[in-house]
Amino acid sequence: MCELLGMSANVPTDIVFSFTGFAMRGGQTDTHHDGWGIAFFEGAGVRHFVDHQAAIASPIAELIKRYPIKSTNVIAHIRKATQGQVALENCHPFVRELWGQYWVFAHNGDLKAFNPLLNGAFRPVGTTDSELAFCYILQQLRARFGEQRPPLEQLRSVLSSLVHEIATHGTFNMMLSSGGELFAHCSTNLFYLVRQHPFDTAKLADEDVSVDFAQVTTPNDRVAIIVTQPLTTNEQWTAFLPGELKLFIDGIPQAVD
């Protein structure tokens, strides 16, 4: 199946270090070679890059590894296709508008007998179960709350119910963000860590690269990294529990259920 990478930070931060190791799994240290993508929130906008080529061979992935785009919320994905052909329209993350905000979604897993009726403005362009689930989530949120975004407590409650409903159809590891927060749900595998003062050196597992974060951060910085499998060999990663949904705001993890 696919792999996910997310970042939540309290100040605009680049994801070059984590993405460098993550991209290696897109065809070199692992077999996720059916496309990749990444989305960075910047204010009300989103920088969105996808490619049907393997991340290890993609010139666009090379750009991301060398260009330190700074964001407080990032979602990335490397694909190993289970549903839908290898094509640009099937590459995650997917982006849609709801309540005057961009929403970004990526999924790792495989949903069976998942055929919701879509009767609104959200329809998939590609043929993946992932994009179908994303459209269904947004449709249900709009049906529940109308044209006005609800308070966060109401949103997280309804989203929790939707995520658990979809997860009854199979594996549903996913990430969802509208720029101010990042939701992450685990069916099988997700890990996270929070980097904050005092910072230390981190070493990638998939590439011979290390960074001393004490040299490139301030004492007030805080960054949470969420990933399918740990990216570094010398840091303490925390595993999600199966079925767990977490909310990350400004690099702080919060349990939703």
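Lys70 is partly exposed, with 46% of relative accessible area. In this predicted model, Lys70 offers a convenient place to start, because the residue falls between the cut-offs of 20% for buried and 50% for exposed. Its partner in a salt bridge is Asp14, and the closest N and O atoms of the two are 3.9 Å apart. That distance satisfies the rule, since a salt bridge asks for a nitrogen and an oxygen within 4 Å. Asp14 is likewise partly exposed, because its relative accessibility is 27%. Along the chain, Lys70 and Asp14 are 56 residues apart, and the bridge links strand β4 (residues 70-78), which holds Lys70, to strand β1, which holds Asp14.

Strand β1 takes part in another pairing of this kind. Glu3 forms a salt bridge with Arg25, and here the closest N and O atoms are 3.2 Å apart. Glu3 belongs to strand β1 (residues 3-14), whereas Arg25 sits in the loop between α1 and β2 (36-42), so that distant parts of the chain, 22 residues apart, are linked. Both Arg25 and Glu3 are buried.

A further salt bridge joins the side chains of Arg195 and Glu235, with 2.8 Å from N to O. Arg195 lies in strand β9 (residues 191-196), while Glu235 is found in the loop between β12 (222-227) and β13 (238-239). The pair spans 40 residues and again links distant parts of the chain. What is the relative accessibility of Arg195, and does that make the residue buried or exposed? Arg195 has a value of 8% and therefore counts as buried. Glu235, in contrast, is partly exposed, because its relative accessible area is 23%.

The salt bridges described so far are pairs, but a network also appears: Glu62, Lys65 and Arg66 are linked by salt bridges. Altogether, the count of salt bridges comes to 12.

The packing of helices comes next. Helix α1 covers residues 16-24 and helix α2 covers residues 59-66. Their axes are 8 Å apart and make an angle of about 150°. Are these two helices roughly parallel or roughly antiparallel? An angle over 145° counts as roughly antiparallel, so α1 and α2 fall into that group. The residues that meet at this contact are Val16, Phe19, Thr20 and Ala23 from α1, and Ala61, Ile64 and Lys65 from α2. Sorted by class, the contact of α1 with α2 has 5 nonpolar, 1 polar and 1 charged residues. Lys65 thus has two roles in this account, as it meets α1 and also belongs to the network with Glu62 and Arg66.

Helix α3 (residues 129-145) and helix α4 (residues 152-167) form another packed pair. Here the axes are 11 Å apart, and the angle is about 140°. Such an angle does not pass the limit of 145°, and α3 and α4 are therefore oblique to each other. The crossing of α3 with α4 is right-handed. From α3, the contact draws on Ala133, Tyr136, Ile137, Gln140, Leu141, Arg144 and Phe145. On the side of α4, the residues are Gln154, Leu155, Val158, Leu159, Leu162, Glu165 and Ile166. By class, this contact has 10 nonpolar, 2 polar and 2 charged residues.

Some features of the backbone also deserve a look. Most residues other than glycine have a negative phi, and most peptide bonds are trans. Against that background, a few places in the loops stand out.

A cis peptide bond joins His92 to Pro93, with omega at about -5°. Pro93 is placed in the loop between β4 and β5 (94-98). The bond from His197 to Pro198 is cis as well, and its omega is near 0°. Pro198 is located in the loop between β9 and β10 (201-203).

Where phi is concerned, Trp99 has a positive value of about 60°, although the residue is not a glycine. Trp99 lies in the loop between β5 and β6 (101-111). Is its side of the story a buried or an exposed one? Trp99 is buried, because its relative accessible area is 12%. Asp250, too, is a residue other than glycine with a positive phi, in this case near 55°. The loop between β14 (245-249) and β15 (252-255) contains Asp250. With a relative accessible area of 39%, Asp250 is partly exposed.

Technical notes: Residues are numbered from 1 along each chain as its sequence is written. This is a predicted model: local features need pLDDT of at least 70, side-chain atom pairs count only at pLDDT 80 or more; totals for chains, interfaces and linings use all residues. Side-chain values use heavy atoms; hydrogens and water are left out. Axes are lines fitted to C-alpha atoms, for helices over the stretch in contact, and angles run from 0 to 180 degrees between N-to-C directions. Helices (H or I, at least four residues) and strands (E, at least two) are DSSP runs, numbered from the N terminus. Angles under 35 degrees count as roughly parallel, over 145 as roughly antiparallel, 65 to 115 as roughly perpendicular and the rest as oblique. A crossing is left-handed if the near helix is turned anticlockwise from the far one by less than a right angle, and right-handed if clockwise. Contact means heavy atoms within 4.5 Å. Ala, Val, Leu, Ile, Met, Phe, Trp, Tyr, Cys and Pro count as nonpolar, Asp, Glu, Lys and Arg as charged, and the others, Gly among them, as polar. Buried means under 20% relative accessible area, exposed over 50%, partly exposed in between (1.4 Å probe, protein chains only).
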